[in-house]
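User: Please take a close look at one sheet in this structure, and then at the nonpolar core.

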Amino acid sequence: MPTCFFLFILSRSSIISSFIIMLRPVSIVPLWSTLLCMWVLCEAQSDSGRPVIQLRLVGEKRKHYEGRVEVLYNGEWGTVCDDDFSISAAHVVCRELGFVDAESWSPSAKYGRGEGRIWLDNVHCSGSEKSLAHCSSNGFGVSDCKHSEDVGVVCSQKRIPGFKFIRSQANSDQGVPVQVEDVRIRATYSQRKRIPITEGFLEVKDGGKWRQICSVDWTEMNSRVICGMYGFPGEKRFNTRPYKLLAKRRKKNFWGFSVNCTGNEANLSECKVGQEIELKGNDTCGQGMPVVVSCVPGRAFAPSVSMGFRKAYRVEQPLVRLRGGAMIGEGRVEVLKNGEWGTVCDDNWDMRAATVVCRELGFGSAKEALTGARMGQGIGPVQMNEVDCSGFEKSLTECRFNREALGCSHEEDAAVRCNVPAMGFNKRLRLAGGRNPYEGRVEVLTERNGSLVWGTVCSDSWGTMEAMVVCRQLGLGFASHAFQETYYWQGDSSADAIVMSGVRCSGTELTLDQCLHHGKHILCPKGGGRFSAGVSCTQTAPDLVLSSQVVEQTTYLEDRPMYALQCAHEEHCLASSANQADPTSYRRLLRFSSQIHNNGQSDFRPRAAHHSWVWHECHRHYHSMEVFTHYDLLSLNGTKVAEGHKASFCLEDTHCDEGIQKRYECANFGAQGITVGCWDTYRHDIDCQWVDITDVKPGDYIFQVVINPNYEVAESDYTNNIMKCRARYDGHRIWMYNCHIGENSLTSTMLGLVNNRI
């Protein structure tokens, strides 16, 4: 290194003259050749504008800031071996690619095996190097590794401010990914107030400055990618004339490259850099203009149905839906087939398939293709396995797949996270006074007397469904609790006034102001202050599902004397006619077992704490939830003809899946709940596990069970809390058949429809 440094600082003429004088003639030629080669190598390594190597991240099932590390050296792409690789080396890689730092690194070809040469092995970095080429290693191409040892990294999503993309001339046609600080659609003045912004000049931030892209080589596939990353399912044509006039009046600052996208990329950073453009100031891109992108928003995000969107979106029976997700545009993928909803197996599940799902549902491209039931386990059949999409299908049902889902269980249910438009929902709502960002008094931004002011929400009728909408709007996940008193959370005193009352939500609204409410005429008998509404949010939630098969297999009738039903009578488990019944008379009971599984991502726990559980002397047990389930017998038109309910006098883990430890047991006033992967069984022979049908006439009926009917405990999916069966009663016996869960329920089946309204 000292020799190299000495040679680097000398001029070429001084090197030549010095060594011709000092060396003997016989050794001049070979030694001079060696020194000249050393000088050329050092010159190349020191030239910051022409780096020795170029890096990129590639591979399977990845986001744009992670992947297999590949190095371009001598015009050829190769990989890096994981031997001796460290987080310090990962930091160097990520910074060289324009990211702030690395979050982690992965050995053993996590992102798939590369091809070609393994350029670097036994890489040692201190973390301060400016390039991976400056770290010590065995040398380029010196390796005893296989591609099963290819290293990968996960970088921070944050880009280095002012990072300047540099491309070496050697890789002009090697497919280098686009590396810029940021991307934006810059709307014209007339459209900047529209939410979401769907059209405008495309600009990239490179070297700390926003720059336009020349439209000469721009394609519809490029626009498709931009629209997808901004949460829009597709691109559309637009009127170029106003943009041309506007571009002529503006000073231009073009980016120095064109862009090549296939249309399947989830982000511009996955597209390849195209031809270099000669920058001539305002004369750059003389044959074109700055790129303009125009996108089509999904129906849920369309600015107004009165602006031509009503005609564009026909209400049709959806074939794909998302369930179990905490945020807008994420969830477990479910498919409708033969009138029944089922899941998709994660074998070969990738970003292309995930993007087809996202665009089909009115979102943009996929951010993540999730495997391993990351959004909870579904129910019903596994409808698709080994899905293979090109990425351009209109629906997931058009993709090729293996119809034999052999070996697939709901532990392998596929899920997605989609790009969604920036609607600014979280700017119109906030939580104040909480101990952490996930809890607090709900404060709403509203217009009063021509100005925007913050105010609180009346807590009358405030419950879990309303809290669910608040947490989703703020991007904080699921609701954990809904509070009707918030005196212990001191918010901003200037926001104490009630500005919203009478709020009633279905739980699926995107924003709180989409829920039913009183509007400008506030009605809040309790007043604000301590009775303002509050919430606490959580990233995960339980999901209870009743086993319809167990109900169908265990149903029978029992005639039981009133004198043996006194405790059940006290707990209101009999029909109202039992109040006047003779103690020696009999009640006819429809008995069955219920097996309730927790398929979610967190344990199901009663909302009430130990100290507030209610003791029932007759049965001598505590009720942690006064109403845990509703049991009803309905006529075929939906009229209730008999009812029962089950209080949760004992929520516990009766059995668990293999490898899962029981956590809840009711004995000795123990903790109550249902662990993820476990189920609680209420046997048919315990009190109140029935419906009193003494007064019911023979005929055909619908038997219905609803879990957590009052939404006391938040769940990731309430649509699967209901089960319906067909029931035929002849006055002596009863037959239970065709039991279905949720929207696969009997009512839908009878009508020949499966309703998927949001």
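Analyst: The sheet comes first, and the core follows.

The model is predicted, so local features need pLDDT of at least 70 and side-chain atom pairs count only at pLDDT 80 or more, while totals for chains, interfaces and linings use all residues. Residues are numbered from 1 along each chain as its sequence is written, and side-chain values use heavy atoms, without hydrogens and water.

The open sheet has four strands (DSSP runs of E, at least two residues, numbered from the N terminus). Their order is β27-β30-β36-β35, and the pairing (at least two DSSP bridges between two strands) is antiparallel. At the edges are β27, residues 544-546, and β35, residues 655-656, each of which pairs on one side only. The partner of β35 is β36, residues 678-682, joined to β35 over two bridges in the antiparallel sense. In this pair, W679 of β36 is the residue opposite H655.

The edge strand β27 also gives two or more residues to the largest nonpolar core, as do β33 (629-634), β38 (699-707), β39 (722-729) and β40 (734-741). Such a core is a set of buried Ala, Val, Leu, Ile, Met, Phe, Trp, Tyr and Cys residues joined through side-chain atoms within 4.5 Å; buried means under 20% relative accessible area with a 1.4 Å probe, protein chains only. This core has 32 residues, and L546, F604, F628, L633, I693, F703 and M723 have the most contacts inside it.

Leaving out residues up to four places away in sequence, L633 touches (heavy atoms within 4.5 Å) residues including T639, V641, I693, Y701, F703 and A727. Another core, of 30 residues, lies apart from the largest one; C471, L476, V503 and Y718 are among its members.

How values were computed: Buried means under 20% relative accessible area, exposed over 50%, partly exposed in between (1.4 Å probe, protein chains only).
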